[in-house]
Amino acid sequence: MAHSDRFLLAGVMGWPVMHSRSPMMHNYWFKKHGLAGSYVPLAIRPERLAAALHGLHPLGFAGVNVTIPHKLEAMKIVHEVDALAKSIGAISCVIVRSDGSLAGTNNDCYGFIHAVKQEQPGWRADAGPIVVIGAGGGSRAVCYGLAQESAREIRVVNRTLARAKGIAQEFGGPIRALPWEQRHEALEGAAMVVNTTSCGMVGQPALDIKLDKLPKSALATDIIYIPLETPFLAAARGRGNRTVNGLGMLLNQGRPAWKAWFGIEPEVTAELRAMVERTI
Ligand code: ATR
């Protein structure tokens, strides 16, 4: 719980980290809740990650988010990893317990699902087939969330088929792996498509996919938020599809982190979204 006699501390560990919009968002929440505290960017080299994480308790940190390139390595350093993070295969959030031990969890899945629900009220995962492009950590979080939301068919398309097959084998249920060559056809009859690859991110090539087969009624989503509208989302919007960009996922994954660190579930307000959008 939050204590007014304590300066609350949290942050994000990454390398590099200065591009992160998380400090802006969390510091907005400290202000909004009238709490004395700060959320700081922590530029941690990979070889210093263990020392940095072990320093959190003596420094009085409630916890940290971990981002690229620490999401896998941090999992080996914390004392306990919950079942959700184990299934996803990465942690995004570390919680410092009162005895000094470190717990790891993953809030990306929550962030994605809640962003879609917030921005597309009435959305249902079981409305029809869902195509997930990519099979990295982001894809795992998205697939896990969609399966939990009772998706009936998830087609995972990835450049490296073995990684898509890995997700299908581990998660089972509605997930089917498809080769990269079938990405255009895989969109046929889909109710939703999610880009989880790094294609379309600033400095990266656009996602190479033809949208002709995608029904106009389908929802197109991307987990990228820089830029706010990737070429893939722009093409989808241009032909009449509804779209959701990756910013909502970033904003929403902060809520369960706050709950775990400070006992408060903060709101993703229009004001917060606009504030972050202005910096992108
Ligand atoms: P993250 O954990 O952020 O999802 P990742 O594990 O590096 O990152 O995954 C990146 C995803 O983008 C992968 O699905 C990757 O495909 P591969 O598994 O074949 O590497 C995909 N990706 C990256 N660059 C790509 C490109 N030029 N074309 C197609 N897919 C690409």
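Visitor: Is F262 buried or exposed, and what is its relative accessible area?

Guide: This is a predicted model, in which local features need pLDDT of at least 70 and side-chain atom pairs count only at pLDDT 80 or more, while totals for chains, interfaces and linings use all residues. Residues are numbered from 1 along each chain as its sequence is written, and side-chain values use heavy atoms, leaving out hydrogens and water. F262 is buried (under 20% relative accessible area, with exposed over 50% and partly exposed in between; 1.4 Å probe, protein chains only), and its value is 1%.

Visitor: At what angle do the planes of F30 and W258 meet?

Guide: The whole structure holds seven aromatic pairs (Phe, Tyr or six-membered Trp ring centres within 6.5 Å; planes under 30 degrees apart are stacked, over 60 edge-to-face, the rest tilted). F30 and W258 form a tilted pair, with 5.0 Å from centre to centre and an angle between the planes of 55 degrees.

Visitor: Which helices hold F30 and W258?

Guide: The two residues, both buried, stand 228 residues apart, and their pair links distant parts of the chain. Helices here are DSSP runs (H or I, at least four residues; strands are E, at least two), numbered from the N terminus. F30 belongs to residues 22–32 and W258 to residues 247–262, which are helices α1 and α10.

Visitor: Why is the pair of F30 and F262 called tilted?

Guide: F30 is itself buried, at a relative accessible area of 2%. The ring centres of F30 and F262 lie 5.5 Å apart, and the pair is tilted because its planes stand at 55 degrees.

Visitor: Which residues make up the aromatic cluster that includes F30?

Guide: F30 pairs with W258 and with F262. The one cluster that they share consists of W29, F30, Y39, W258, W261 and F262.
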